[in-house]
Amino acid sequence: MKKINLIIILALTIFACKNETKQNVDLEENRAKSYDQNDGFITIKGDFVYFADAAVLQTPKEIYGVVIDENMHVLNKQAKAFKSDPTDMVPVTVRVRKFKKEKNEEGWPYRVEIKEILKVEAPDPNKEDVIKLAN
């Protein structure tokens, strides 16, 4: 009889416990969702620079002119934290609208309009592809 009472109490105790899991915000998961959205925007990872009223996004295969608007200025403000010189390029991941430039406009064949900023990273200090001239 004692064994049955012990089993019943143990079973009630186990089933009465709540298993509430805390929901942590996972930035990588949110970024992955952003990659999969079907809204006409594309995700680009590259190096960003804004200097002297010209904004450029350079990927390993292509260079894009960036539309200068509010989102570009927000990205530039976030990138400034990682720059030591105004002409330093900062690695970013952004969602953009890509379109061809107008025929009478100078610059690269494609332009991008930043729609969402996913990640701004610090440049790799060991990267040796920059040539700096000094007097």
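**A guided tour, starting from Asp-88**

Select Asp-88 first: this residue is buried, with a relative accessible area of 16%. It counts as buried because the cut-off for that word is under 20% relative accessible area. The model on display is a predicted one.

Keep Asp-88 selected and look at its place in the chain, which is the loop between α3 and β4. Next, display the side chains around Asp-88. Its side chain makes a polar contact with the side chain of Ser-84, at 2.8 Å. The side chain of Asp-88 also reaches the backbone nitrogen of Asp-85, at 2.9 Å. Now add Phe-51 to the selection. Phe-51 and Asp-88 are 37 residues apart along the chain, and their C-alpha atoms are separated by 9.3 Å.

Move next to Phe-48. Which residues does Phe-48 touch, not counting residues up to four places away in sequence? Asp-88 is one of them, and the list also includes Val-56, Leu-57, Val-66, Met-72, Leu-75, Met-89 and Val-92.

From Phe-48, extend the selection to the largest nonpolar core, which has 17 residues. Phe-48, Leu-57, Val-66 and Val-92 are the members that touch the most other members. At least two residues of this core come from each of β1, β2, β3 (63-66), α3 (70-80), β4 and β5 (110-120). The element that gives the most is β4, with 4 residues.

Now show the strands as a cartoon and select β1 (residues 42-51) together with β4 (residues 90-100). These two strands pair in the antiparallel sense over 7 bridges. Within this pairing, find Thr-43, which stands opposite Arg-95 in β4.

Replace β4 by β2 (residues 54-58) in the selection. β1 and β2 also pair in the antiparallel sense, over 5 bridges. Here Val-49 stands opposite Val-56 in β2. The hairpin formed by β1 and β2 has 2 residues between the strands, and Ala-52 in this hairpin takes a positive phi near 55°.

Finally, select the whole protein. How many helices and strands does it have? There are 3 helices and 5 strands, and from the N terminus on they run α-α-β-β-β-α-β-β. The protein has 135 residues, of which buried residues make up 26%. Among contacts with a separation of 6 or more, 60% are between residues 24 or more positions apart. With the surface displayed, the accessible area comes to about 10800 Å², and 54% of it belongs to carbon and sulfur atoms.

Note on methods: Residues numbered from 1 in each chain as written. Predicted model: local features only at pLDDT ≥ 70, side-chain atom pairs only at ≥ 80, totals over all residues. Heavy atoms only, no water. Pairing = 2+ DSSP bridges. Core = buried A, V, L, I, M, F, W, Y, C linked by side-chain atoms within 4.5 Å. Buried < 20%, exposed > 50% of the residue type's maximum accessible area, 1.4 Å probe, protein only. Contact = heavy atoms within 4.5 Å. Polar contact = N/O pair within 3.5 Å; in protein donor to acceptor, adjacent residues only side chain to side chain. Areas by Shrake-Rupley, 256 points an atom, 1.4 Å probe, with all protein chains shown as cover.
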